[in-house]
Structures are given as C-alpha cells and as structure tokens.
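Welcome! Take a moment to look over the sequence and the 3D view, and then let us walk through them together.

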Amino acid sequence: MSSRGHLQPWLAFLGLFAAVALPLDAADPARLLPREGLAGWSVILLLALATYAAVKAERSTVTAILLALAAHAGAWYALAILPGLAGHAGPGFWALLLTAWLLAWRLVSQLSAIKPRGGLGGFLLKLVVPLIFGAWLLIFWEVIVVAFQVPSVLIPPPSAIWAKLASSIPILAADFRQTFLKAVIAGYVIGCGSGFLVAILVDRIPFLQRGLLPVGNLVSALPIIGIAPIMVMWFGFDWPSKAAVVVVATFFPMLVNTVTGLAASQPMQRDLMRTYAANYWQSLFKLRLPEALPFIFNALKINSTLALIAAIVAEFFGTPIVGMGFRISTEVGRMNIDMVWAEIAVAALAGSAFYGVIALIERASTFWHPSFRT
C-alpha cells in the first residue's frame with residue numbers, strides 16, 4: 001500500500017491522541033474525553049482499533065466494518081455532547097470529529113476502489129458510498145450550525161428540519177399532492193408527450209425543422225417568472241395553471257433532444273433500410289427511434305427535475321392555500337425557516353426519486369447502449 005494510502009489513518013491517530021489529551025470544552029479546560037464515562041471510553045477504544053486496523057491491514061471486510069462502526073460511533077458521540085458545547089467547543093471536540101471524519105474518508109476510499117459488480121451486492125455498494133458522503137455533509141452541517149450558534153433564521157440545523165418535517169407530515173403531504181401529483185405529473189406527461197409528437201412531425205415535414213426549431217429555442221429561453229403570471233390569468237389559481245407552466249418548460253427540451261436523436265442513425269444504416277424497401281414509418285420504428293432513445297431519455301431526465309422547479313416557482317404567483325411553492329413563500333414571510341427547509345427536503349427527495357425512476361426505465365430500455373456496458 002502506498003504512503004499516500006497510510007496518510008488518513010496516521011492523521012486519524014494524531015487526531016485521536018489530540019481528542020484524548022485536549023479539553024472538550026473551551027470554557028472548562030479540565031473536561032477531557034475519557035472523563036465522559038463509559039460512552040467516551042468505548043468510542044476511544046473503537047476509534048483506536050479502527051485506526052490500528054487501517055494502518056496495519058490491507059483492504060478487508062473486517063477493516064471496513066471497523067471503520068464504519070468507529071467513524072459513525074465517533075460522529076454519534078460528537079453530536080450527543082454537542083448541545084452542551086454550543087458556543088464553546090474545545091479543541092478536543094474538533095479533534096474527535098476530525099478523527100471520525102478521517103476514518104469515514106478512509107472507508108469511502110476503500111469502498112470506491114472496489115470494482116462494481118452486478119446483482120444486489122453491486123447495487124448496495126453503489127448506494128452505500130453516496131449515503132455515507134451525504135450523511136457526513138449533514139453531520140458537518142449540524143455541528144457547524146450548533147457549535148457556532150448560527151441563528152436559525154439564517155439556516156437551521158438538520159435536527160430542527162427533521163423535527164419540523166416529522167411534526168408536519170399532513171401539511172407536507174397535502175403540498176406534495178397539490179404540486180407534484182397534480183401539477184408536475186400532468187404537465188410532465190403533456191409537455192414531454194407533445195414535444196415527442198411534434199418532433200416526429202418536424203422530422204416528417206422538413207421545412208418545419210427550419211421554421212419551428214428557432215422559434216422553439218426562443219420560447220424555451222423565456223423565464224418561468226414571466227410565463228407563470230400569464231398562465232395564472234389564463235387557467236386560474238389552481239393546479240392547471242402550474243401544469244401549463246410545466247408544459248412550456250418541458251416541451252422544448254423534449255422536442256430538441258428527440259429531433260437530434262432521430263438524426264443520430266448512420267447513413268449506412270438508413271441506406272440498408274432503403275434496400276429492404278422499408279417505408280418512412282418502418283424505418284422510424286425499427287431503426288431511428290431505437291437509436292434516438294438515449295437522447296429521448298436524456299430529455300426525460302432533464303425534464304424530471306425541471307418540471308418540479310417550474311411548478312414550485314409558478315406557485316409563487318397565485319395558488320390556493322396549499323402547495324410547495326405557496327408554503328415556501330408563506331413560511332419565509334413568517335420566518336419559519338425550518339418549515340421552508342422541510343419543504344425543500346421533500347421537493348429534493350421527490351425530484352431525486354422521479355429522476356431515479358426515469359433512469360431505471362432508461363437502463364431497462366437501452367441496455368444495449370455502449371454507456372451501459374460493463
């Protein structure tokens with residue numbers, strides 16, 4: 001193993017020594033980590049074992065398990081004692097957190113070096129690394145906000161956001177149903193479907209490609225905040241006006257990507273279809289549409305997140321007293337920032353899940369494409 005590979009464990013060893021020797025509390029220099037009782041000693045022992053295993057052993061399952069347990073036990077303990085150290089966390093606390101983070105970094109490095117496999121094991125491996133990375137982003141967010149006593153009006157800690165989310169499930173569910181299940185899904189289906197059909201029409205009638213696509217590019221550059229008030233005037237304050245904004249936002253990405261995909265087939269392939277006496281529709285369904293699938297799914301994935309953004313922004317300009325955009329704009333005015341972040345979390349999860357579903361369908365439909373070959 002290279003010297004660079006040993007850097008994280010040795011830094012973790014130094015951090016562990018500092019966590020034991022330096023005070024946890026800047027206001028109480030005599031407060032050291034081992035004096036925190038059985039929990040403190042258990043964390044120190046686990047961190048020491050994981051650091052020793054990382055220094056002495058090559059990559060192994062036992063080492064990975066030790067690293068995972070030690071890193072997250074250290075993080076858990078740091079978060080457990082954090083409320084009592086708000087505003088006066090000492091160097092021992094930061095050394096403890098740094099040690100746990102270095103061991104987590106070492107764990108992620110080892111997991112990332114494993115060659116991906118198929119089946120459930122490969123899927124879990126692909127899932128674990130981003131989960132660990134995301135968990136540590138939340139840990140640092142919590143620690144920085146609480147330790148430095150950042151006002152919750154500026155940014156609340158993840159614990160406060162989670163508490164608000166757990167206590168506001170009926171409100172969040174109603175907002176999700178109004179924005180996502182009604183406006184986003186309807187607008188996404190109509191916008192992507194109509195964009196796909198118009199792309200076929202443009203491909204079939206060549207002069208439309210020269211006349212319609214430049215106009216389409218111009219309309220696609222229109223800002224959502226300019227379209228939304230007009231759609232509210234046309235379709236009313238309920239979800240149809242938000243769906244109309246989503247249609248406008250998703251129509252042209254689908255149109256442009258589909259037209260590009262339909263032109264992606266090679267001239268030799270099209271000549272071969274002509275030698276088989278294939279007409280336009282046979283060539284379209286047997287050659288050109290399969291070749292265009294990666295472009296079509298690219299548009300679908302882009303639109304999956306664009307649709308949610310468009311619907312939320314559209315709700316700022318007129319909506320019933322329900323919806324993600326309505327809730328965000330209202331709660332910001334009331335300074336309930338934790339509720340705003342809870343809505344943002346729900347929107348992020350919904351958008352990520354939507355994108356993931358489209359990506360899974362893409363994988364099943366275009367498994368033959370070189371980008372999916374392993």
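## The largest nonpolar core

A good place to begin is the largest nonpolar core of this predicted model, which has 41 residues. The residues with the most contacts inside this core are L33, L47, F93, L96, L103, W136 and V143. Five helices each supply at least two of the core's residues: α1 (3-21), α2 (38-56), α3 (61-81), α4 (91-113) and α5 (119-147). The largest share comes from α4, with 11 residues.

To get a feel for this region, try finding W136. Leaving aside residues up to four places away in sequence, W136 touches A71, H72, A75, L97, A100, W101 and A104.

## Another core

Apart from the largest core lies another one, of 40 residues. Its members include I227, M254, A347 and I358.

## A helix with a bend

Next, look for helix α7, which covers residues 169-204 and has 36 residues. From its first C-alpha to its last, α7 reaches 49 Å, close to the 52 Å expected at 1.5 Å a residue. Where does α7 bend? Look at R177, where α7 bends by about 30 degrees.

## A closer look at S241

Our last stop is S241, found in helix α10 (residues 239-262). Is S241 buried or exposed? Its relative accessible area is 0%, so S241 is buried. Not counting residues up to four places away in sequence, S241 touches M231, V232, F235 and G236.

Conventions:
Residues numbered from 1 in each chain as written. Predicted model: local features only at pLDDT ≥ 70, side-chain atom pairs only at ≥ 80, totals over all residues. Heavy atoms only, no water. Helix = DSSP H or I, 4+ residues; strand = E, 2+ residues; numbered from the N terminus. Expected span 1.5 Å × (residues − 1). Bend = angle between axes of the 7 residues up to and from the residue. Buried < 20%, exposed > 50% of the residue type's maximum accessible area, 1.4 Å probe, protein only. Contact = heavy atoms within 4.5 Å. Core = buried A, V, L, I, M, F, W, Y, C linked by side-chain atoms within 4.5 Å.
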